[in-house]
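Got a minute to look at a structure together? Here are some quick questions and answers to go with it.

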Number of protein chains: 2
Amino acid sequence: MNIKNEFENEKSNYETYKAKGISLDISRGKPNKSQIDYIASVFKAAENKNDFYVKRIGIDKSDAGNYGLPNGISELRNLFSDILDVPVNNIIIGGNSSLSLMYDLIVINLLFGNPQSRRPWKDEVKIKFLCPCPGYDRHFAMIKNFGFEMIPVPMTPNGPDMDIIEKLVSEDDSIRGIWCVPIYSNPEGYVYSYETVMRLAKMTCSAPDFRIFWDNAYFAHHLDPNRINTIPDILKLCADHGNEDRVYEFASTSKISFPGAGIAVIASSKKNIAQIQDQFKYKTIGNDKMNMWRHSLVFKTKADVYAHMAKLSEFNRPKFKATNDILESELKDYGRYVHFTHPEGGYFLSFNTMKGCAKRTYALCKAAGLIITTVGDTYPNSFDPDDSNIRIAPTYAEMDDLVQAMHLFACCVKLAILEKLNL
Amino acid sequence: MNIKNEFENEKSNYETYKAKGISLDISRGKPNKSQIDYIASVFKAAENKNDFYVKRIGIDKSDAGNYGLPNGISELRNLFSDILDVPVNNIIIGGNSSLSLMYDLIVINLLFGNPQSRRPWKDEVKIKFLCPCPGYDRHFAMIKNFGFEMIPVPMTPNGPDMDIIEKLVSEDDSIRGIWCVPIYSNPEGYVYSYETVMRLAKMTCSAPDFRIFWDNAYFAHHLDPNRINTIPDILKLCADHGNEDRVYEFASTSKISFPGAGIAVIASSKKNIAQIQDQFKYKTIGNDKMNMWRHSLVFKTKADVYAHMAKLSEFNRPKFKATNDILESELKDYGRYVHFTHPEGGYFLSFNTMKGCAKRTYALCKAAGLIITTVGDTYPNSFDPDDSNIRIAPTYAEMDDLVQAMHLFACCVKLAILEKLNL
């Protein structure tokens, strides 16, 4: 292509977009209003059908509207036992946020350590965490706040680079944990392979109290309900290799029922769960059982959850397809400069532009009224050494807006590259 | 009275109770099922009337069913601003548990300190807390878990003994906090006087980062709706005396709406709230806005809350009266040995038996099938030096059961005293 012509061309396109006075935000992984409306209708129907407010007593014989059951109602513990393939006694139903559970678990490790700790993490000279990246900005921000050192580990389509991880954890006993989003990773949408999960489960860690923070956020969030990716059961694999306390597994219904008003879950080994229960008893009399009860009326079985998620995929599938199609077509001549992922589930895709062009792309988008995820935030300390990665969240916008946003985004990507090539 | 005769008499009564095979629990401050049923009917009506699941957008223009608003919805922030007489920006709506907020605040102080701290509390040689007692067992258990030293301070009908408190906090800079339940204290049901609150607000503390944990759990929980106790606004009094960051105030709807499924609130100074917001942003994307929205439909104004609480007082008033009447009549000859409180609100009353008799009373109750709050738990480290205090929670039992329980309890009190006198 003729760079000079192409540059003038895209510059003119960009000015046209800018003149339109666009105001769009594709920065966060939020479901669209139509999806929330649908979920609301499902919950409303279930409440009415089951006389929710009157019949509040389930298999625990405990009133959902009164104190009790610090581990949550058995209906939901059984459900997640089935979904995660973990014994019911190894499951605690939490509040509305799995992120809070992760924060709580780090606090417990800081103040008390875990069953394998020589001392509380707060009393260690240094705590380091492995951070496969690009990754989830909130994971990184949380541990930065606690002063942990973050070690970036490159992601591959099969999960984080296990050669690097095995070497690091075997050599450095200040490495105490790793963040993992094993299925439809944030932001690439990659799915960990069996080999990756197996190697995480059996690797030799120098720190006896090393923990995998297994954020199984998208276990049922497939775009094509007929092509379902699954991940191996890491808790079982760890136990098989004598590392049964290695994993804290987190899940939630945040993108199954209501974002911010769903149900969070933690699953772990018997010993870890006992320690967590022993701490949580000081923290709360129990989590919101009315909301658990409500969820148990909608989701009685694992099959109910997957049928519901097949329905929800209809909201997001067209948006991922439109995003992909626009990027493919708009950037067909830029294949040597850009690369983006084609997730089969989750809420994000990952876009890598030419090195040194991501921040400029962000600025161009912003100046034209389009907010994308802050560039850099997908890396520890908000620093992408290549200034290349951009997270795209196609789900929240209305389709017309998304189409407009992706055309504008592609234009900004091209313009930033052409500016650089033009130098 | 003839102790020998009375002893034989009560022993015979006790055996009669024991033969009945009673199984009752008056240990915890839980509302009765009829009250939860009533509350459920109120919530159901409000959901239906307001088309709850369809209309989810309020004055913030934010969908309650999607992520957003980390401080909570403005409807509830405004409501608690009005109830607690605190500017709306100084209020955060939390999750379902004020106890969790207290735990979170202690964690923040441990890991980071507060704006006046020289260093995080974890790095201090010793952290001491003042514990007015008898007091709330969960307050004491929480800080015992964190390794704090607890200093018991005697309660009076006007609140904790301020002479002792002023002396201690002025002399010992390792004292970093105090637990207060200022209205209808747990377990006595005492109400702090204006003088007590004023002295707490203006006292000179040796530790610059001293904090009052103001657990305003029963602000609207009056037994007689026509005789409403109120407490002075401690946040304002502190600010008036140059100690504006001294207080964390907590409240909840746990015994207004659903215990364990209500809404918790924290109110504090501008500086404290800014620090709390800065931490909470790492912990969660937001608390459950659907539940906030639901509550905002039921409780639109402060007057709504008080009208609702006047209605709820009908459930508990007869139970407190029955408890009082039975104890008065059964123990009329034991006035020199026992003392109990006559609360005008809250969920408990406090019973002091003859020194050295509380544990025996508990054991006698238990052997006859009646569970009362574990004796000692109303004191730090579960140690009541007088072995005298017993907390009674009359609300949860059905009236017939409560009457039976209180007769049995009185019998056990007498028997334990007579055993001792008989020695």
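Q: What share of the contacts in chain A with a separation of 6 or more comes from residues 24 or more positions apart?
A: This is a predicted model, so everything here is read off computed coordinates. Two residues are in contact when their C-beta atoms, placed from the backbone, lie within 7 Å. Among chain A contacts with a separation of 6 or more, the share from residues 24 or more positions apart is 76%.

Q: How compact is chain A for its 423 residues?
A: Chain A has 13 helices and 13 strands. Its radius of gyration is 23 Å, and the globule rule gives 22 Å for 423 residues. Those values are close, so chain A is as compact as a globular protein of that length.

Q: Where do the buried residues of α7(B) sit around the axis, on the same side or on opposite sides?
A: The buried residues of helix α7 of chain B are T196(B), V197(B), L200(B) and A201(B). They cover an arc of only 130° around the axis, which puts them on the same side of α7(B).

Q: Which exposed residues does the face of α7(B) turned away from its buried side carry?
A: The buried side has its cover, including β5, α6, β7 and α8 of chain B. Flip to the face turned away from it and you find the exposed pair, Y194(B) and E195(B).

Q: How many residues of the side of chain B that touches chain A are nonpolar?
A: In chain B, 42 residues are in contact with 42 residues of chain A. Helices α2, α4, α5, α9 and α10 of chain B each supply at least two residues of that side. Setting apart the 13 polar and 9 charged residues there, the nonpolar ones come to 20.

Definitions and conventions: Residues numbered from 1 in each chain as written. Chains lettered and ligands numbered in written order. Predicted model: local features only at pLDDT ≥ 70, side-chain atom pairs only at ≥ 80, totals over all residues. Helix = DSSP H or I, 4+ residues; strand = E, 2+ residues; numbered from the N terminus. Nonpolar A, V, L, I, M, F, W, Y, C, P; charged D, E, K, R; others polar. Buried ≥ 20, exposed ≤ 12 C-beta atoms within 10 Å, placed from the backbone. Arc of directions from axis to C-beta. Rg over C-alpha atoms; globule rule 2.2 N^0.38 Å.
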